[in-house]
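Subject: Structure for your files

Dear colleague,

Here is the structure we spoke about, with the sequence alongside. My notes on what was found follow below.

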Amino acid sequence: MLGSSVEIRNVDKFFGDFQALDKVNLQIKRGEFFSLLGPSGCGKTTLLRIIAGLEYPDSGDVLFDGISVVSIPANKREANTIFQNYALFPHLTVFENIAFSLRLKKMSENEIREKVEKLINLVRLEGQENKKPIQLSGGQRQRVAIARALANEPKVLLLDEPVSALDAKLRQELLLELDNLHDQVGITFIYVTHDQAEAISVSDHVAVMNNGRIVQIGTPYEIYESPADRFVATFIGETNLMKAEVVDVNDEFIRVIAKGLGEFSCYKDKEVSKGDKILLTLRPEKIKISTKPLEGINSFHGVVEEEIYMGYQTKYFVRLDEGYILKIYKQHVNYLLDEKIIHWKDEVFVTWNPNDSFIVEVEKG
Amino acid sequence: MKYITAYTLWLVVFFVIPLIIILSFSFLEKTPYGGVNFSFSLEGYKSLLTIGYLRILWRTVWISIISTFITIIFALPTAYYIAKSKFKNFLLLLVVIPFWTNSLIRIYAWIFVLGNNGIINQFLKLIGLVDSHIQFLYNPWAVILVIVYTYLPYAIIPLYAAIERLDNSIFEAALDLGCSKRKAFFKVLIPNIKAGLVASIIFVLIPAMGSYAIPDLVGGVNSKMIGNEIARQLTTAKNWPAASAISSILTLITLLGVIIFVKSSKKEVLN
Ligand SMILES: Nc1ncnc2c1ncn2[C@@H]1O[C@H](COP(=O)(O)OP(=O)(O)OP(=O)(O)O)[C@@H](O)[C@H]1O
Ligand SMILES: [Mg+2]
């Protein structure tokens with residue numbers, strides 16, 4: 001099987017007066033694992049349905065391999081969907097659910113048997129062939145939905161939050177399986193999720209959506225490390241947002257002053273000049289924390305206000321001397337060997353590298 | 001548990017006991033002025049074995065089956081449309097509005113519409129399409145028309161309930177997997193609303209088999225159904241055992257039909 005490239009050009013979609021999609025543009029390469037990530041109600045499902053042909057855009061175009069498909073109805077489009085609730089046919093067995101599209105194509109009984117068995121092996125559903133959907137677990141239903149969609153040999157597989165209904169552990173497992181499956185079948189996957197961890201762990205590229213608009217497209221690394229705006233910064237992972245004013249500008253770095261923090265340096269990833277008001281993002285795991293004074297340009301002193309032990313790491317909320325509360329994640333590398341374990345109410349020193357903060361908003365001063 | 005007991009009591013008082021009375025009357029002797037003599041007799045049944053009765057019986061069966069079929073054909077798309085509509089509550093209200101009017105009045109309304117001096121004929125005369133009139137009433141098709149009209153809501157409601165309960169996404173999944181809308185209707189919709197379909201058919205077929213007022217008012221002499229015969233035996237002929245015997249046979253036929261129908265549709269659902 002070979003995937004198609006998918007292109008979305010200036011797609012708008014209205015439900016009555018409500019604009020669900022606003023000038024959406026996307027380019028998805030053939031065979032890639034592409035994620036649409038965004039909060040509930042931002043239009044992910046709507047966009048997916050437009051790609052599937054179950055919904056029509058009010059304007060704009062959808063192209064598969066460079067050819068417009070908007071006039072092709074869903075039953076003729078070479079895309080298949082894993083629905084948010086799987087939408088298995090309740091009256092058919094697992095076998096017949098998977099065989100559904102094959103029977104429509106009037107394949108011979110032998111061919112059908114052979115193909116369905118192959119798919120059942122692929123999604124590891126051996127022995128469940130004769131069960132009805134209602135007799136399956138959530139994870140098994142999801143696998144049936146995948147097998148049923150793949151049976152039709154689509155060039156694009158559309159997955160609408162396929163693991164969100166499952167418990168955390170199973171979710172991780174199935175996500176990995178989906179990733180493997182993607183490598184095996186080689187078709188284009190468009191994966192919708194509101195869970196940033198899912199999106200960044202499996203995708204080649206991620207489009208972050210908000211209020212019907214695409215706000216950033218990039219590799220998982222790019223959207224996590226250099227978020228385009230405040231929304232992306234806070235939606236993907238956790239972060240510290242700091243409002244600051246530029247007091248000095250160098251070639252590479254700037255000096256800023258922030259309420260609750262004081263003066264510090266940061267990397268000049270956007271064009272700014274003296275007097276501008278900016279918004280900075282700084283990931284909690286990028287900050288070093290210690291009970292002993294730390295070296296570095298951006299060093300501050302504070303008190304641990306709260307401590308949340310998570311097993312592999314501890315989250316600290318440190319109130320700096322000037323009042324800002326900084327979120328810090330400290331990984332536990334060596335048990336008891338690191339240094340004195342930091343606890344609630346301890347006085348601490350924190351520091352971060354100026355390269356690790358990013359400017360997400362600039363307001364000209 | 002309490003409800004089940006109450007329901008059982010209800011069934012016994014208003015259904016089982018009357019049925020037993022009718023069944024026993026059918027095996028008794030008639031008296032010339034109605035009522036029965038309490039001595040055993042098969043006269044009630046013997047009078048049924050005439051060609052006239054068999055013809056009426058057969059007519060009752062075919063009129064009922066055709067009416068049910070037509071009713072379902074109309075009810076299915078209507079129920080589907082209502083279930084998918086934004087205004088389903090309003091549309092459901094429209095479906096049940098006829099229940100607010102007495103059914104006899106509604107049958108008379110049809111006479112007013114279809115009669116030889118009815119609205120349609122007057123209109124046809126007005127535009128010069130006919131000279132005097134077209135005979136719409138007093139044939140089996142008029143009976144079928146009014147049965148369909150009367151029982152359509154009974155068929156729509158269980159179908160609506162079944163379709164409304166269905167997850168629309170299975171329909172979309174069918175389209176997504178290559179079905180045309182028509183194929184999706186037969187391959188996905190119908191099998192998943194079988195219970196509603198069975199209920200609808202039963203809700204129409206049973207009362208249609210027992211029709212009395214409709215053939216009486218719009219059927220004329222050549223469209224009499226079993227219900228009319230029961231009434232005639234009970235009133236003008238004053239033959240209660242015969243009336244009871246016809247009723248018993250009608251109940252038996254209906255019951256057998258329903259049992260066979262439900263059994264066979266269950267089997268299909270399981271396969
Ligand atoms: N058929 C419809 N009619 C009216 N509004 C709709 C319709 N479908 C979607 N919407 C609206 O469009 C917006 C986007 O919906 P959509 O289902 O695409 O969200 P989503 O991003 O998939 O959310 P979720 O993560 O909750 O599934 C929502 O505000 C929703 O209420
Ligand atoms: Mg959705």
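Lys23(A) has a relative accessibility of 46% and so counts as partly exposed. The model is a predicted one, and in it the side chain of Lys23(A) meets that of Asp12(A) in a salt bridge, with 2.7 Å from N to O. Asp12(A) belongs to strand E1 (residues 6–15) of chain A and Lys23(A) to strand E2 (residues 18–28) of chain A, so the bridge ties together parts that are eleven residues apart in sequence. Unlike its partner, which is partly exposed, Asp12(A) is buried, at a relative accessible area of 7%.

Salt bridges

Over all chains, the structure holds 28 salt bridges. Side chains of opposite charge can pair when their charged atoms come close.

One of the bridges joins Arg143(A) and Glu177(A), whose closest N and O atoms are 3.5 Å apart. Arg143(A) sits in helix H4 of chain A and Glu177(A) in helix H5 (residues 168–185) of chain A, so this pair ties together parts that are 34 residues apart in sequence. Arg143(A) is buried, with a relative accessible area of 11%. Glu177(A) has 21%, which makes it partly exposed, since buried means under 20%.

Another bridge is formed by Lys286(A) with Glu225(A), the closest N and O atoms being 2.9 Å apart. This pair links distant parts of the chain: Lys286(A) is in the loop between strand E14 (277–282) and strand E15 (288–290) of chain A, whereas Glu225(A) is in helix H7 (residues 220–225) of chain A, 61 residues apart.

There is also a network of salt bridges that links Arg49(A), Glu55(A) and Glu172(B); its members come from chain A and chain B.

Positive patch

Residues of both chains also appear in a positive surface patch, formed by Lys106(A), Arg182(B), Lys183(B) and Lys187(B). Of these, Lys187(B) lies in helix H9 (residues 181–192) of chain B. Lys187(B) is partly exposed, with a relative accessibility of 34%.

Aromatic pairs

The search of the whole structure gives 18 aromatic pairs over all chains. In one of them, the ring centres of Phe89(A) and Phe100(A) are 4.4 Å apart and the planes stand at 40 degrees, so the pair is tilted. The pair links distant parts of the chain, eleven residues apart: Phe89(A) is in the loop between strand E6 (79–82) and helix H2 (94–104) of chain A, and Phe100(A) is in helix H2 of chain A. Phe89(A) is buried, with 0% relative accessibility, and Phe100(A) is buried as well, with a relative accessible area of 5%.

In chain B, the rings of Trp62(B) and Trp141(B) have centres 6.2 Å apart and planes at 50 degrees, so this pair is also tilted. Trp62(B) is in helix H3 (residues 51–84) of chain B and Trp141(B) in helix H7 (residues 140–165) of chain B, so the pair ties together parts that are 79 residues apart in sequence. Trp62(B) is partly exposed, with a relative accessible area of 24%, while Trp141(B) is exposed, with 54%.

Back in chain A, one aromatic cluster is made up of Phe33(A), Phe189(A) and Tyr191(A).

Backbone

Which residues other than glycine have a positive phi? Tyr86(A) is one of them, with phi near 75 degrees. Tyr86(A) lies in the loop between E6 and H2 of chain A, the loop that also holds Phe89(A). At 6% relative accessibility, Tyr86(A) counts as buried. Arg124(A) is another, with a positive phi of about 55 degrees, and lies in the loop between helix H3 (109–122) and helix H4 (138–151) of chain A. That helix H4 is where Arg143(A) of the salt bridge above is found.

One further position in chain A is Ala207(A), found in strand E9 (residues 205–210). Ala207(A) is buried, at 0% relative accessibility. Ala207(A) and Asp195(A) are twelve residues apart in sequence, and their C-alpha atoms are 13 Å apart in space.

Chain B overall

Chain B contains 13 helices and two strands. Its C-alpha atoms fill a box of roughly 70 × 65 × 35 Å along the principal axes. Of the 271 residues in chain B, 41% are buried.

Regards

Conventions: Residues numbered from 1 in each chain as written. Chains lettered and ligands numbered in written order. Predicted model: local features only at pLDDT ≥ 70, side-chain atom pairs only at ≥ 80, totals over all residues. Heavy atoms only, no water. Patch = residues over 30% accessible without salt bridge, like charges linked within 9 Å, V, L, I, M, F, W, Y side chains within 5 Å. Areas by Shrake-Rupley, 256 points an atom, 1.4 Å probe, with all protein chains shown as cover. Salt bridge = Lys/Arg side-chain N within 4 Å of Asp/Glu carboxyl O. Lys, Arg positive; Asp, Glu negative; His and termini not counted. Charge placed at Lys NZ, Arg CZ, Asp CG, Glu CD. Helix = DSSP H or I, 4+ residues; strand = E, 2+ residues; numbered from the N terminus. Buried < 20%, exposed > 50% of the residue type's maximum accessible area, 1.4 Å probe, protein only. Phe/Tyr/Trp six-rings, centres within 6.5 Å; stacked < 30°, edge-to-face > 60°.
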